[in-house]
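Q: Hi, could you walk me through this structure step by step? I am new to this, so plain words would help.

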Amino acid sequence: MKTLKQVVGIDVGSKELVVCFGKIFSNLDKKLCQYGNFRNSDKGLIKLYEWVQTHTCEDSPLHFVMEATGVYHEKLAYFLESKGCNISIVLPNKISNYFRTLEIKTITDSTCSEAITLFGLERNLELWRKPDPTYKRLKQLTRERDQLVQERTAVKNQLHAEQAEAEPNENSIGRIKERIAVLQRQEKEIMTELKLIVKESSLLKKQTDNLTTIPGIGLLTAVTVLAETNGFEMIRNKKQLVSYGHKA
């Protein structure tokens, strides 16, 4: 029986990669053939790639499929891209919705990798391409800013609690205010860097100018959407764009 397609479905965690290797044949039967666990590290990625090669048929296409899991999938995606592999990165909600259609009652890392593999075997997925370095830099900065804002909110809450005590510790209040000042300064530095990146790129300048003509869209939201979508490359419809805009 001829193998039409081979898929390596990978459930990506911060420390571990849970892998399922599957095939679909000319009669459209699907088979989950091999399972593996690898560390999400440089050595682990090499071992995963070598493991896949031992199970691959050379006469049919091979496809790696994974969920977009924060930043934890990026090292794997970049590594596979350097090897010239076909890669697809799928939004988690798509895998979750597909999982519900399967006769799998228990959700584990292993069953998730199975679902990802079956999804890849059944679907004609778009190939992932390495992000433009400029958009990647924007993503790093906008995400760093988000973390700073969250941290500053937590510290401000701490300040409020300290000031509300019956006998506040003035030294503690002083240190908390210093931390808030540092976080505010760092946020300003990030915004300055973001503006400089936009200013130095005529394409980015044009894109942000167009986006900021939309009511309620400022520069920060505009660059966040561009960063997260790789310059709209990942956007296929209006619903997706609106979704990214709300997240930003």
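Q: Let's start with one residue: is L28 buried or exposed?

A: L28 is exposed, because its relative accessible area is 56%, and the terms here are buried for under 20% relative accessible area, exposed for over 50% and partly exposed in between, with a 1.4 Å probe and protein chains only. Please keep in mind that this is a predicted model, in which local features need pLDDT of at least 70, side-chain atom pairs count only at pLDDT 80 or more, and totals for chains, interfaces and linings use all residues. Residues are numbered from 1 along each chain as its sequence is written, and side-chain values use heavy atoms, with hydrogens and water left out.

Q: Okay, and where does L28 sit?

A: L28 lies in the loop between β2, residues 16-25, and β3, residues 30-39. Its phi is near 70°, which is a positive value in a residue other than glycine.

Q: Which other residue that is not a glycine has a positive phi?

A: N230 has a positive phi of about 55°, although it is not a glycine. This residue is found in the loop between α8 and α9, the latter covering 238-247, and N230 counts as buried because its relative accessibility is 9%.

Q: What about α8 itself, how many of its residues are buried?

A: Helix α8, residues 219-228, is mostly covered, with eight of its ten residues buried. Among them are V223, V225 and L226, and E228 is on that list as well. N230, with its positive phi, comes just after this helix.

Q: Zooming out, how many helices and strands does the protein chain have?

A: The protein chain has nine helices and five strands, where helices (H or I, at least four residues) and strands (E, at least two) are DSSP runs numbered from the N terminus. In order from the N terminus, the elements run β-β-β-α-β-α-β-α-α-α-α-α-α-α.

Q: And what is its radius of gyration?

A: The radius of gyration of the protein chain is 23 Å, whereas a compact globule of 248 residues would have one near 18 Å; the value is taken over C-alpha atoms, and the globule rule is 2.2 Å times the number of residues to the power 0.38. The C-alpha trace spans about 75 × 45 × 35 Å along its principal axes.

Q: How much of the chain is buried?

A: Buried residues make up 41% of the 248 residues in the protein chain. As for the outside, the accessible surface comes to about 14900 Å², and 51% of that belongs to carbon and sulfur atoms; such areas come from the Shrake-Rupley method with a 1.4 Å probe, and for residues only the protein chains shown count as cover.

Q: Can you show me some buried residues, say V8, and what V8 touches?

A: V8 has its place in strand β1, residues 3-12, and V8 counts as buried because its relative accessible area is 0%. Leaving aside neighbours within four places in sequence, V8 is in contact (heavy atoms within 4.5 Å) with residues including V19, C20, V52, F64 and T117. V8 and V52 are 44 residues apart in sequence, yet their C-alpha atoms are 7.9 Å apart in space.

Q: And S113, where is that and what does S113 touch?

A: S113 has its place in helix α4, residues 109-122, and S113 is buried, with a relative accessible area of 0%. Not counting residues up to four places away in sequence, S113 touches G9, D11, V18, V19 and C20.

Q: Switching topic, how many disulfides are there?

A: A search of the whole structure finds zero disulfides, a disulfide being a pair of cysteine sulfur atoms within 2.5 Å.

Q: Why is there no bond for C85 or C112?

A: For C85, the closest cysteine sulfur, in C57, is 16 Å away from its own sulfur, which is too far for a bond. For C112, the closest cysteine sulfur is in C20, and the distance of 11 Å is again too far for a bond. C85 is buried at 18% relative accessible area, and C112 is buried at 17%.

Q: Last one, what about R175, where is that residue found?

A: R175 is found in helix α6, residues 170-200, and R175 counts as partly exposed because its relative accessibility is 46%. The C-alpha atoms of R175 and L159, which are 16 residues apart along the chain, are separated by 9.5 Å.
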